[in-house]
Amino acid sequence: MQVEIALTGDVSVGDVVLAGPSRVVLAALVLERPGGVVRERLADIVWPDGPPRTWASALRTHVSRVRSVLAAAVAGAGETVVAGDGGYQLVLPPGVDVRVDVELAVSALRVARDALASGDAAGARAAAGAALGVLQAPFLPGHPGEWADDVRSGLDEALVGAYEVTGGAALAAGDAAGALAAADAAVARAPLRESAHRGRMAALAAAGNRAEALRAYQRLRRALSVRQTEDRAP
């Protein structure tokens, strides 16, 4: 049995979309497995600006909502969310294959990088495209807090990596326009990332625009120089 969980865009279990605090509870339980999350930390994740006075009962309500959705997805085959040791843990029944979109995307990116390194441009582009299909959607849009920001940071890093692999694969296949489009997207997401700029310069050179490639290099040097100056400032 497979359970499809989406944590980007609409947070969902199969066809059931969760909203409000319940979507945050699901995301935390999924990404923090198998160790689980203590109640106080889960409350901080759900209400980063400070939990309500009745946070304990409110949290139980949202956990119960997540538990019921997951139970329906596994057709009542067993426990889904277990309470204990001061917290909650996602524990699905044996034989249940949990497929989480962001985890599949990160795995696809690894496959894409390996394919590109081995010279399989088509395979790299396909796997990177699968990663991009997930990573371009936002994670818990509008939800604040350090935990959510940390997850977003990791996913943004993977997104830029997927753009870079897409650009490299396109370049290897002789598609300079596709390589430049991917490199532009990578630079837009990470304007001070040297590897993204190198990909853009390579794409520009492959397209025959060596003058613009040189200008791009000079702009990168200036931007890095400014950053180094700012980093040294007291």
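A salt bridge is here a side-chain nitrogen of Lys or Arg within 4 Å of a carboxyl oxygen of Asp or Glu. The exercises below concern a predicted model.

**Exercise 1. Salt bridges**

Find the salt bridge that Glu164 forms with Arg193, and explain which parts of the chain the pair ties together.

Solution. Begin with the distance: the side chains of Glu164 and Arg193 meet at 3.0 Å, N to O, and the cut-off is 4 Å. Next, place the two residues: Glu164 belongs to helix α6, whereas Arg193 sits in the loop between α7 (176-189) and α8, so the pair ties together parts that are 29 residues apart in sequence. Then consider accessibility: Glu164, with a relative accessible area of 22%, is partly exposed, while Arg193, at 18%, counts as buried, because the limit for buried is under 20%. Finally, look for shared partners: salt bridges join Glu157, Glu164 and Arg193 into one network.

Carry the same reasoning to Arg99 and Glu4, whose side chains meet in a salt bridge.

Solution. The N to O distance for Arg99 and Glu4 is 3.2 Å. Arg99 lies in strand β7 (residues 97-100) and Glu4 in strand β1 (residues 2-6), so this salt bridge ties together parts that are 95 residues apart in sequence. Arg99 is partly exposed at 28% relative accessibility, and Glu4 is partly exposed at 37%. A further salt bridge, again with 3.2 Å from N to O, brings together Glu32 and Arg41; Glu32 is partly exposed at 21%, as is Arg41 at 36%. The count of salt bridges comes to nine.

**Exercise 2. The pairing of strand β1**

Work out in which sense β1 pairs with β7, and in which sense with β2.

Solution. Taking β7 to begin with, four bridges join this strand to β1, and the two run parallel; within this pairing, Ile5 has Val100 as its bridge partner. Turning to strand β2 (residues 12-13), β1 pairs with this strand in the antiparallel sense over two bridges, and Ala6 stands opposite Ser12. The connection completes the picture, since β1 and β2 form a hairpin with five residues between them, where Gly9 in the turn has a positive phi of about 65 degrees.

**Exercise 3. Helix α8**

Decide whether the length of helix α8 agrees with 1.5 Å a residue, and where its buried residues lie around the axis.

Solution. Helix α8 (residues 194-206) has 13 residues and should therefore span 18 Å; its end C-alpha atoms are 18 Å apart, which agrees. Its buried residues are Ala196, His197, Arg200, Met201, Ala203 and Leu204. They cover an arc of only 160 degrees around the axis, which puts them on the same side of α8. The general background is that an α-helix has 3.6 residues a turn, so residues three or four places apart point the same way. Just after α8, Gly208 takes a positive phi of about 90 degrees.

**Exercise 4. The nonpolar cores**

Identify the residues with the most contacts inside the largest nonpolar core, and the helix that gives the most to this core.

Solution. The largest nonpolar core has 64 residues, and those with the most contacts inside it are Ile5, Leu7, Leu26, Leu42, Phe139 and Trp147. Helix α6 (residues 146-172) gives the most to this core, with eleven residues. To take one member in detail, Leu26 is in contact, leaving aside its neighbours within four places in sequence, with Ile5, Val11, Ser12, Val13, Leu18, Val66 and Leu70. A second, separate core of six residues includes Met201, Leu204, Ala216 and Leu224.

How values were computed:
Residues numbered from 1 in each chain as written. Predicted model: local features only at pLDDT ≥ 70, side-chain atom pairs only at ≥ 80, totals over all residues. Heavy atoms only, no water. Expected span 1.5 Å × (residues − 1). Buried < 20%, exposed > 50% of the residue type's maximum accessible area, 1.4 Å probe, protein only. Arc of directions from axis to C-beta. Core = buried A, V, L, I, M, F, W, Y, C linked by side-chain atoms within 4.5 Å. Contact = heavy atoms within 4.5 Å. Pairing = 2+ DSSP bridges.
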